[in-house]
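Reader: Got a minute to go through a model with me? I'd like to start with the ligand contacts and then move on to the metals.
Author: Sure, pull it up.

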Amino acid sequence: MNLETLREATRQQMPDKRWKHTLGVVDTAIKLAKRYGGDPDKAELAALLHDYSKAWAIDRMEAVIRQHDLPSELLVHDKELWHAHVGAWAVESEHGITDAEVLDAIRYHTSGRENMTKLDKIVCLADYIEPGRDFPGVNKLRELAKISLEEALISAFGSTIEVLVERGKRIFPLTVLARNDLILQFKLAQTNEQ
Ligand code: DGI
Ligand code: FE
Ligand code: FE
């Protein structure tokens with residue numbers, strides 16, 4: 001598996017704007033990995049592939065979920081969640097990516113999950129704060145990202161949950177589990193520091 005081939009294949013899945021976002025996530029993920037003692041190579045690969053299926057047609061994603069036994073629960077939640085699971089399936093089946101850590105970081109980059117790995121956290125946070133992102137509160141997240149992966153993600157998931165509630169949307173349970181777990185991890189880390 002050659003990184004240049006993967007890069008080209010990924011670029012071809014998406015419009016230019018999404019590709020630019022992807023490059024921003026790659027850059028940011030590598031920086032976060034270096035800052036927090038993660039693996040920069042895995043961070044680069046997972047970030048490159050994180051939105052592989054983002055621009056796929058809804059019908060195509062639904063077919064993958066149904067035909068390849070991805071969690072059917074996805075079908076009753078926001079379609080924005082689908083590309084993460086479908087993308088992990090796609091890069092494994094189309095490009096032979098087998099690194100479970102990388103596949104999980106892609107699979108959970110939107111929702112998060114309980115017991116997020118360092119790589120999960122890095123990719124998820126890089127996705128929120130890459131330089132091209134512009135939403136209320138993004139600069140606060142960029143500042144928090146300099147202090148703590150956990151604290152930044154607690155805030156990021158909190159804002160996402162607030163927006164979903166405001167819009168009357170359902171919340172994927174993994175996001176709530178992820179946030180609860182991160183709060184516990186963050187508190188424990190603070191207690192240990194004292
Ligand atoms: O693919 P991106 O746009 O780069 O970012 P993403 O994969 O984090 O997708 C974010 C979108 O997913 C955002 O608009 C909120 C939406 N979403 C819908 N339901 C949920 C959700 N995000 C989370 N974390 N949890 C949900 O339940
Ligand atoms: Fe995404
Ligand atoms: Fe993204």
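Author: Start at Thr175. An N or O atom in its side chain is 2.8 Å from a nitrogen atom of ligand 1. Keep in mind that this is a predicted model.

Reader: How much of the accessible area of ligand 1 does the protein cover?
Author: The protein covers 85% of it. On its own, ligand 1 has 580 Å² of accessible area.

Reader: Which backbone has a polar atom 2.7 Å from an oxygen atom of ligand 1?
Author: That is Phe172. The contact there is made by a polar backbone atom.

Reader: And what does the side chain of Asp51 do for ligand 1?
Author: An N or O atom of the Asp51 side chain sits 3.1 Å from an oxygen atom of ligand 1.

Reader: How many residues surround ligand 1?
Author: 18 residues do. The closest include Lys54, Thr110 and Arg133. Phe172 and Thr175 are also among the closest.

Reader: What's the split by type in that shell?
Author: 4 nonpolar, 7 polar and 7 charged.

Reader: Which helices supply at least two residues each?
Author: α2 (16–36) and α9 (149–166).

Reader: What about the space that ligand 1 takes?
Author: That space is the largest pocket.

Reader: Metals now. What coordinates the iron ion (ligand 3)?
Author: Two histidines and two aspartates: His21 (NE2), His50 (NE2), Asp51 (OD) and Asp127 (OD). The distances run from 2.2 to 2.3 Å.

Reader: How are those donors spaced in sequence?
Author: The pattern is H-x28-H-D-x75-D.

Reader: Why does the pair Asp51 and Asp127 tie together parts far apart in sequence?
Author: Asp51 lies in the loop between α3 (40–49) and α4 (58–67), and Asp127 lies in helix α7 (residues 118–129), so the pair ties together parts that are 76 residues apart in sequence.

Reader: Next, which protein donors does the iron ion (ligand 2) have?
Author: Asp51 (OD), His83 (NE2) and His109 (NE2). They lie 2.1 Å from the ion. Along the chain they follow D-x31-H-x25-H.

Reader: Where do the two histidines sit?
Author: His83 is in helix α5 (residues 82–95). His109 is in the loop between α6 (100–107) and α7. The two are 26 residues apart, and the pair links distant parts of the chain.

Reader: Which residue bridges the two iron ions?
Author: Asp51. The iron ion (ligand 2) and the iron ion (ligand 3) lie 3.6 Å apart.

Reader: Last topic. Where is Asp104 found?
Author: In helix α6. Its side chain makes a polar contact of 2.7 Å with the side chain of Arg107. Another polar contact, of 3.5 Å, joins the side chains of Asp104 and Arg113.

Definitions and conventions. Residues are numbered from 1 along each chain as its sequence is written. Chains are lettered from A and ligands numbered from 1 in the order in which they are written. This is a predicted model: local features need pLDDT of at least 70, side-chain atom pairs count only at pLDDT 80 or more; totals for chains, interfaces and linings use all residues. Side-chain values use heavy atoms; hydrogens and water are left out. A residue is near a molecule or strand if one of its heavy atoms lies within 4 Å of it. A polar contact is a pair of N or O atoms within 3.5 Å; within protein, one must be able to donate a hydrogen and the other to accept it, and residues adjacent in sequence count only if both atoms are side-chain atoms. Accessible areas come from the Shrake-Rupley method with a 1.4 Å probe; for residues, only the protein chains shown count as cover. On a 1 Å grid over the protein atoms alone, a cavity is a set of points where a 1.4 Å probe fits but cannot get out, and a pocket is an open set with protein on both sides within 12 Å along at least five of seven lines; lining residues have an atom within 4 Å of a point. A molecule sits in a cavity or pocket if more than half of its atoms lie within 2 Å of its grid points. Helices (H or I, at least four residues) and strands (E, at least two) are DSSP runs, numbered from the N terminus. Ala, Val, Leu, Ile, Met, Phe, Trp, Tyr, Cys and Pro count as nonpolar, Asp, Glu, Lys and Arg as charged, and the others, Gly among them, as polar. Donors are N, O and S atoms within 2.8 Å of the metal (3.2 Å for Na, K and Ca); water is not among the atoms, so sites may look incomplete.
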